[in-house]
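Okay everyone, thanks for making time. I'd like to walk you through one sheet today, strand by strand, so let me get the picture up.

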Amino acid sequence: MQPSDIRLAGEETPEALRAARDAAIQAAQVAMRDSTRLMRLLAILGEPIRLGELLDRALATLSELFSAEVVVLLDPAGNGHFRPAAAVGLPEDAISQAFVADEESPVAQVLRDSRVLAVEASDGVAIDAQLLEQGVQSSIWIPVKGSRSTRGVLILGRCRPQEFLQTDIGLLSAMGYRLGIALEQAQRRQQME
């Protein structure tokens with residue numbers, strides 16, 4: 001055995017150092033991407049614009065930033081009807097159709113548990129019929145929380161079997177709360193006008 005073959009405990013090889021550096025660079029890039037996405041969404045949600053324009057812009061931006069072909073906001077007014085209040089990627093006739101809200105549906109689970117629910121078509125969990133008609137294979141259901149309670153559900157769907165990353169889920173969960181507050185503010189402004 002030669003002296004160069006002997007390594008002290010805790011001494012790292014050049015390969016291990018390169019791998020650690022590459023992992024740190026990748027983590028920094030992901031953090032920058034997430035910060036950029038978050039700032040774009042917060043800028044839209046912070047604007048004092050009419051409710052309809054807020055929904056259109058927010059959902060279109062979510063679709064773009066999270067590569068989702070379908071984005072739907074259900075029941076922001078808390079009126080108990082689970083029809084889309086706004087949507088990207090749904091045909092006009094589908095917007096008037098209610099989503100399934102039985103005990104085991106994703107809508108009911110999200111409202112009951114007030115937690116994000118990721119659903120894959122291959123999981124055996126029933127994806128709503130409207131989403132299946134649009135070819136959605138992977139979806140995430142996010143509670144939209146206002147200042148007092150959960151007031152609706154935000155759905156992002158992908159028409160390919162690509163799961164949402166854990167970092168995406170965390171960001172979208174935070175955005176569900178921020179969206180709920182922005183909706184409340186827009187509705188107050190609308191009532192004052």
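So, start at Leu 74: its bridge partner in β5 is Val 153. Keep in mind that what you're looking at is a predicted model. That Leu 74–Val 153 pair belongs to a bigger pattern, with β1 and β5 running antiparallel and joined by five bridges.

Now hop to the other neighbour. β1 also runs antiparallel to β2, this time through four bridges, and there Val 72 has Ala 87 as its partner.

What about the side chains of β1, buried or exposed? Val 70, Val 72 and Leu 74 point one way, Val 71 and Leu 73 point the other, and all of them are buried. That's five of five residues under the 20% relative accessible area cut-off, so β1 is largely enclosed by the rest of the structure.

Okay, zooming out. Which order do the strands come in? Reading across, we have β2-β1-β5-β4-β3, an open sheet of five strands with antiparallel pairing. β2 (84-88) and β3 (117-120) are the edges, each pairing on one side only. On average, neighbouring strands are turned by 15° against each other, ignoring direction.

Over at the β3 edge, the partner is β4, residues 138-145, antiparallel again and held over four bridges. Leu 117 sits opposite Trp 141 of β4 there.

Last piece: what packs on this sheet? Helix α6, residues 166-192, does, touching β1, β4 and β5. The direction of α6 makes about 45° with that of β4.

That's my tour, happy to rotate the view for anyone.

Terms used
Residues numbered from 1 in each chain as written. Predicted model: local features only at pLDDT ≥ 70, side-chain atom pairs only at ≥ 80, totals over all residues. Heavy atoms only, no water. Pairing = 2+ DSSP bridges. Helix = DSSP H or I, 4+ residues; strand = E, 2+ residues; numbered from the N terminus. Axes fitted to C-alpha atoms, helices over the stretch in contact; angles between N-to-C directions. Contact = heavy atoms within 4.5 Å. Buried < 20%, exposed > 50% of the residue type's maximum accessible area, 1.4 Å probe, protein only.
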